[in-house]
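User: Hi! I'd like a close look at a single part of this model, please.

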Amino acid sequence: MKQKRMTLNFYLILLIAGLMGLTGCKESGEETKPIATADIIIYGGTSAAISAAVEAKRSGKSVIVVSPDIHLGGLSSGGLGYTDTGDKSVIGGLAREFYHRVWQHYNTTEAWNWQKKEEYGNKGQGTIAMDGENRTMWIFEPHVAENVFEDLVAEEQIRVDRDEWLDRKNGVEMKDGNIVSITTLSGKKYSGKMFLDTTYEGDLMAAAGVSYHVGREGKEVYGEEWNGVQTGVLHHKHWFASDISPYVVPGDPSSGLLPRVSGEDPGEKYSGDDKIQAYCFRMCMTNHPENRIPFPKPDDYDPLNYELLARVFETGRKDWFEKFDAVPNHKTDTNNHGPLSSDNIGMNYDYPEGSYERRKEIIEEHVNYQKGLLWFVANDPRVPEDIQTEMQKWGLAKDEFTDNGNWPHQIYVREARRMIGEFVMTENELLKRSPTPKPVGMGSYAMDSHNVQRYVKPDGFVQNEGDIGVSTKGPYSISYETLVPKKEECKNLLVPVCLSSSHIAFGSIRMEPVFMILGQSAAAAAVLAIDENAVVQEVDYDKLRGVLLAKGQILEKK
């Protein structure tokens, strides 16, 4: 009995000592903060973050994902299930593994709980959704994507600390041009040899003192045709095709402008500004009665916010349902379409540099705007009967985003900060006018900027500006040097999301498959930098290229 008691006391002492090691001990009246250490620290919870973490772990390095998000996957699990792919043949590596795992899921009977597999068919993206030959699927429900990311994390036993927000004022410790550690608002501290910023906002990059840009560069900065203000350019269908008055009382400027119409001059064509393309939520909706929840009416609902849409309907425009893109199980990935839709034009300018509190205000404003838009179309008597009758068949999906009122947990941050690094991707590289050095992945989607502002033309009618869609005329390579800051600014940071790119080039690069590709390539470079004891700007590219090719990355199109 005495021996058992001594053994228990011994283990109790070990337990107390272990807890002291985790929580810190007090010396001279001060409590030391706990420090978590790994070879690679990844800040962010996006698809790029998980691709990077998996690459690091499979390459034998310790890694911690410090995620401000609770749900992993960013937009890929946040409603963007109708993947913007472009040329699928250039999507390789872990990105292709992700879409293969989605394919595996939908090859099970259990995946089709609201719809028969053969009923869904193979719709969308100009090609089949379920590519049996290549064992990939590109169109999926949000929770399926999230489960894939969670499976990867669990299989690789990757540590993910969720709901941990970088202390953007004092949370980055630098020494000799290197990040030593980052600290979150909760007081947790993380030290590593290499750091990756995989957020949509570029918060770690900015806090580390790395150069970046917000907004559109003028045409002359990089010699581009499609950058800067683009008044008079009418691409896609997201513009007012008829003369619509922007005033509360049509034709009467003294009555004041309708909400979300700017009274400012849009700027000289091709000039730069600090404005960014519009955000929205990619909506997962359903018309399946058993899984449908009626659109909620926001508390601050104001039909005046949608008066321009009512006037558009009065002109006979009927394309409201054109971007209700079908994903499995009678659901959609519904995106912006038309002159007034889910894009909340002009209401996000403060977001990239805004405090966490200011960003929350912007996100909430976007939620209320978009909820009000759905309510308006389903209920307002000014909506044409045929459109309203069809809209009333739709609602939010009961089995998606179940802890967030069935509303997407990720706003579509189409662009925020963009690093100014060792090399800047521009439309000239995307259009193959100029060569791209040191490729580490490829993109192929059109250069796609959503509208940036809604303004009053000289003739007194309303118009949108900034919506651009220009083909890249085939796939293009993306340079490793776009992932790294200038050497004099930071030597152990890689940025695969807010990478070094002009506004219009980023309009193509910003697609989720590309972020996965670049997340993997950035992590592979971080591994090499550790192994070679090199700064990220001096990683042996030939070795990196060999590693990436061996892992299925597509670097060039022959």
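In which segment is Lys557 found? Please walk me through its surroundings too.

Analyst: Happy to help! This is a predicted model, in which local features need pLDDT of at least 70 and side-chain atom pairs count only at pLDDT 80 or more, while totals for chains, interfaces and linings use all residues. Residues are numbered from 1 along each chain as its sequence is written, and side-chain values use heavy atoms, with hydrogens and water left out.

Lys557 lies in the segment after helix 14 (541–550); helices here are DSSP runs of H or I with at least four residues, numbered from the N terminus. Lys557 has a relative accessible area of 45%, so it is partly exposed, the class between buried (under 20%) and exposed (over 50%), using a 1.4 Å probe and protein chains only.

Now for the neighbours. Leaving aside residues up to four places away in sequence, Lys557 touches Asp87, Ser89, Val90, Met442 and Pro475, where contact means heavy atoms within 4.5 Å. With Ser89 there is also a side chain to side chain polar contact of 2.6 Å; that term means a pair of N or O atoms within 3.5 Å, and within protein one must be able to donate a hydrogen and the other to accept it, with residues adjacent in sequence counting only if both atoms are side-chain atoms. Gly474 is 83 residues from Lys557 along the chain, yet their C-alpha atoms are separated by 8.9 Å.

For the wider setting, buried residues make up 58% of the 558 residues in the chain. Among contacts between residues at least 6 apart in sequence, 78% join residues at least 24 apart.

Conventions
Helix = DSSP H or I, 4+ residues; strand = E, 2+ residues; numbered from the N terminus.
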